[in-house]
Amino acid sequence: MLPSSIQISGEPLSGAEVRDICRGLRDNAVRLLSLRGCRLCDRDFGRICRALAGATSLAQLNLNLGVVSSPSRIKQLAEALRTNRSIQSLFLHGSPLTDAGLALLNPALALHPALVALDLGDCMLGDEAINLICGLLPPDGAKSGLKELTLSANPGITPKGWSRLAIAVAHSSQVRVLNLDYNPLGDHVAGMLAVAVASSRTLEVLDLEGTGLTNQSAQTLLDMVENYPTALRSLVLAENSISPELQQQICDLLSEGEEEEEVAGGAGDTQEWERGQEPAAHQRGNSSSWMCPSDPSSQMVLMTSGLGDSLLAETEM
């Protein structure tokens, strides 16, 4: 029997449901487990963690919206991740991790052999967490690392922390999707990110929605897109103080670059399939709002819910 998915959202989990989840994990019958916003006791959370530790079919784990709600649960999840070898995508959006919690989790994340997508949006992170996250974006050729990273809505991170992340992204040979939406970045940080994008050979998607940017940032990004060949395909600038004209110019230039790649041949489609999980970020919302952000509300919904649901179609195909 092919592995299936278990998706429960915002519900209290009964003992019977927890037993079924654990049985499915132990039988390697679950590829996607999503428990977004679910309520369960610490004992049942520990049971699920022990079951997922040995699961070999589980590729995606979504514990968004407060499921990992205490240091003891962080430790239990870290212990499970130290044993698990199959999880490719981990979503913890809206979990009160803080820097201390990520420090507990980080060793397991850094040593996990399969992890390529990590959502730490709205996790109350600061600069100390950024130092740990940069270790998950190793320099070119050093080792495998994250291909998709979400750090949305972590206002405790300062410009110093963002500058360190920009340097790591510039030198990472892996990262393709970077979601920084709803952080108070401002024009100075955006300038550093523009340099990182120009240096990166792999970054395809950069989400800067609602990050306090102005036309000054947009002009810098426009110059970067216009004058430097990059892998960038999508740049989200909605909910900023940027003129529609500048946003459209950037969008048009990125669209032109994508059309040129499509004309060059069909190799791009093959690469999308070979990458495994990360193309699902391009499915975030509908294609028009993602590539040319004219509908911020649709992206807001996905920001709060995380990207877990969008990966289901990819893994089931």
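This text walks through a predicted model of a protein, from its overall make-up to helix 2, its salt bridges and one buried loop residue.

The protein has 317 residues, and 56% of them count as buried. Its secondary structure consists of 13 helices and 9 strands. Many of its contacts link parts of the chain that are far apart in sequence: among contacts between residues at least 6 apart, 84% join residues at least 24 apart. The protein exposes about 13,200 Å², and carbon and sulfur atoms supply 54% of that area.

In soluble globular proteins, nonpolar side chains tend to be buried together. Here, the largest nonpolar core contains 84 residues. The residues with the most contacts inside this core are Leu25, Leu33, Ile48, Leu120, Leu151, Leu165 and Leu208. Isoleucine 48 is a useful place to begin, as it leads to helix 2, where Ile48 is one of the buried residues.

Helix 2 covers residues 42-53, which makes 12 residues. At 1.5 Å a residue it should span 16 Å, and its end C-alpha atoms are 17 Å apart, so the two values agree. The helix is mostly covered, with 9 of its 12 residues buried. These are Asp44, Phe45, Gly46, Arg47, Ile48, Cys49, Ala51, Leu52 and Ala53. What do the buried residues of helix 2 pack against? Their partners are helix 1 (15-26), strand 2 (30-34), strand 3 (60-62) and helix 3 (71-83). For isoleucine 48 itself, leaving out residues up to four places away in sequence, the residues touched are Val18, Ile21, Cys22, Leu25, Leu33, Leu35 and Leu40. Two of these names, Leu25 and Leu33, also appear among the residues with the most contacts inside the largest core.

Charged side chains come next. The structure holds 4 salt bridges, and three of them are described here. Aspartate 42 pairs with arginine 73, with the closest N and O atoms 2.8 Å apart. This pair links distant parts of the chain, since aspartate 42 belongs to helix 2 and arginine 73 to helix 3, 31 residues apart. Are the two partners buried or exposed? Aspartate 42 counts as partly exposed because its relative accessibility is 43%, whereas arginine 73, at 5%, counts as buried.

A second salt bridge joins the side chains of arginine 47 and aspartate 44, at 3.1 Å from N to O. Both residues lie in helix 2, 3 residues apart, which is about one turn of the helix. Arginine 47 and aspartate 44 are both buried.

Helix 3 holds a pair with similar spacing: glutamate 79 and arginine 82 are 3 residues apart, about one turn of the helix. Their side chains meet in a salt bridge of 2.6 Å, N to O. Glutamate 79 has a relative accessible area of 45% and is therefore partly exposed. Arginine 82 is also partly exposed, because its relative accessibility is 41%.

The last stop is leucine 97, in the loop between strand 4 (89-91) and helix 4 (98-111). With a relative accessible area of 2%, leucine 97 is buried, since the limit for that class is under 20%. Apart from neighbours within four places in sequence, leucine 97 is in contact with Val68, Ile74, Leu92, Leu102, Leu120, Cys123 and Leu125. One of these, Leu120, is listed among the residues with the most contacts inside the largest nonpolar core. Leucine 97 and serine 70 are 27 residues apart in sequence, while their C-alpha atoms are 7.7 Å apart in space.

Technical notes
Residues numbered from 1 in each chain as written. Predicted model: local features only at pLDDT ≥ 70, side-chain atom pairs only at ≥ 80, totals over all residues. Heavy atoms only, no water. Helix = DSSP H or I, 4+ residues; strand = E, 2+ residues; numbered from the N terminus. Expected span 1.5 Å × (residues − 1). Buried < 20%, exposed > 50% of the residue type's maximum accessible area, 1.4 Å probe, protein only. Contact = heavy atoms within 4.5 Å. Areas by Shrake-Rupley, 256 points an atom, 1.4 Å probe, with all protein chains shown as cover. Core = buried A, V, L, I, M, F, W, Y, C linked by side-chain atoms within 4.5 Å.
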